[in-house]
Amino acid sequence: MQLVFATNNSNKLEEVRHRLPQYQIQSMQDIGCFDDIAETGSTFEVNARIKALYLQSRFGCDCFADDSGLEIEALNGAPGVYSARYAGKHNDAEANIAKVLKNMDGKTMRKAKFVTVICLLKEGKEVYFRGEIHGTITSTKKGEKGFGYDPIFLPDGYSTTFAEMTIDDKSKVSHRAIAIEKMTKWLEA
Ligand code: IMP
């Protein structure tokens, strides 16, 4: 059984392959797709669907795509779908974090959540899986591990930020793990 995952991110691929050993999970690179698919939607669902549909229509394969981001209550859900480029440049984590901390300066309400939505296109079906993890935005960066906003996200029930956790520990509780788990259950059912 083959499924194409609309990513070339090795961490994401490893996590999904680990959880779905009965599937041959191929990356975009594996099927010869080197295109940069523009994420022009205003929701995680729409962006995930854009990427999955692109692969399905060009390569005729069963596939899935994910889209993730950080939603901060006091910033009306920002950075949300714009998480990767909140400060302008794509994936500039330092600048993105600096912008969040500046916008959150002096705010006492610091609730936030990470969200992942997966869109799966398989045998004519279109199915969505959402994973969320709630927490708070710290006032300074803590930890060196992980990526993106990990150093300023303190998950509820923990005393360490995502960037202070091992990858193993983070991937047991993360928004991405929850969405992948839901998709795994659906595929196995
Ligand atoms: P993507 O859709 O999974 O590529 O995520 C988009 C952006 O959201 C990333 O570039 C990060 O800025 C942020 N993000 C998503 N997931 C995480 C996470 O687990 N930790 C920290 N930042 C994340």
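**Ligand site and sheet in a predicted model**

In Lys-12, a polar side-chain atom sits 2.8 Å from an oxygen atom of the ligand. That figure, like everything below, comes from a predicted model. Asn-91 makes a similar approach, with a polar side-chain atom 2.8 Å from a ligand oxygen. Lys-170 does it too: one of its polar side-chain atoms lies 2.8 Å from an oxygen atom of the ligand. On its own the ligand would expose 480 Å², and the protein buries 89% of that. In total, 15 residues surround the ligand. The ones that come nearest are Lys-12, Asn-91, Asp-150, Lys-170 and Arg-176.

Lys-12 also leads into the fold, since its number falls within helix H1, which spans residues 10-19. Helix H1 links up with strands S1 and S2 in a β-α-β unit, and that unit is right-handed. Strands S1 (residues 2-5) and S2 run parallel and are joined by three bridges. Within this pair, Val-4 faces Gln-26 of S2. Strand S1 has a second parallel partner in S3, this time through two bridges. Here Phe-5 is the residue to look at, standing opposite Phe-64 in S3.

Now for the whole sheet. Six strands make it up, in the order S2-S1-S3-S4-S5-S6; the sheet is open and its pairing is mixed. The edges belong to S2 (24-26) and S6 (153-155), and each of these has a single partner strand, so one side of each is left without a neighbour in the sheet. Ignoring direction, neighbouring strands are turned against each other by 35° on average.

One helix that packs on this sheet is H5, residues 175-188. Helix H5 touches four strands: S1, S3 (63-72), S4 (111-122) and S5 (125-137). Its direction makes about 155° with that of S5. Helix H5 also brings the story back to the ligand, as its residue range takes in position 176, and Arg-176 is among the residues that come nearest to the ligand.

Conventions:
Residues are numbered from 1 along each chain as its sequence is written. This is a predicted model: local features need pLDDT of at least 70, side-chain atom pairs count only at pLDDT 80 or more; totals for chains, interfaces and linings use all residues. Side-chain values use heavy atoms; hydrogens and water are left out. Two strands pair if DSSP finds at least two bridges between them. Axes are lines fitted to C-alpha atoms, for helices over the stretch in contact, and angles run from 0 to 180 degrees between N-to-C directions. Contact means heavy atoms within 4.5 Å. A residue is near a molecule or strand if one of its heavy atoms lies within 4 Å of it. A polar contact is a pair of N or O atoms within 3.5 Å; within protein, one must be able to donate a hydrogen and the other to accept it, and residues adjacent in sequence count only if both atoms are side-chain atoms. Accessible areas come from the Shrake-Rupley method with a 1.4 Å probe; for residues, only the protein chains shown count as cover. A crossover is right-handed if, with the strands pointing away from the viewer, the path from the first strand over the helix to the second runs clockwise.
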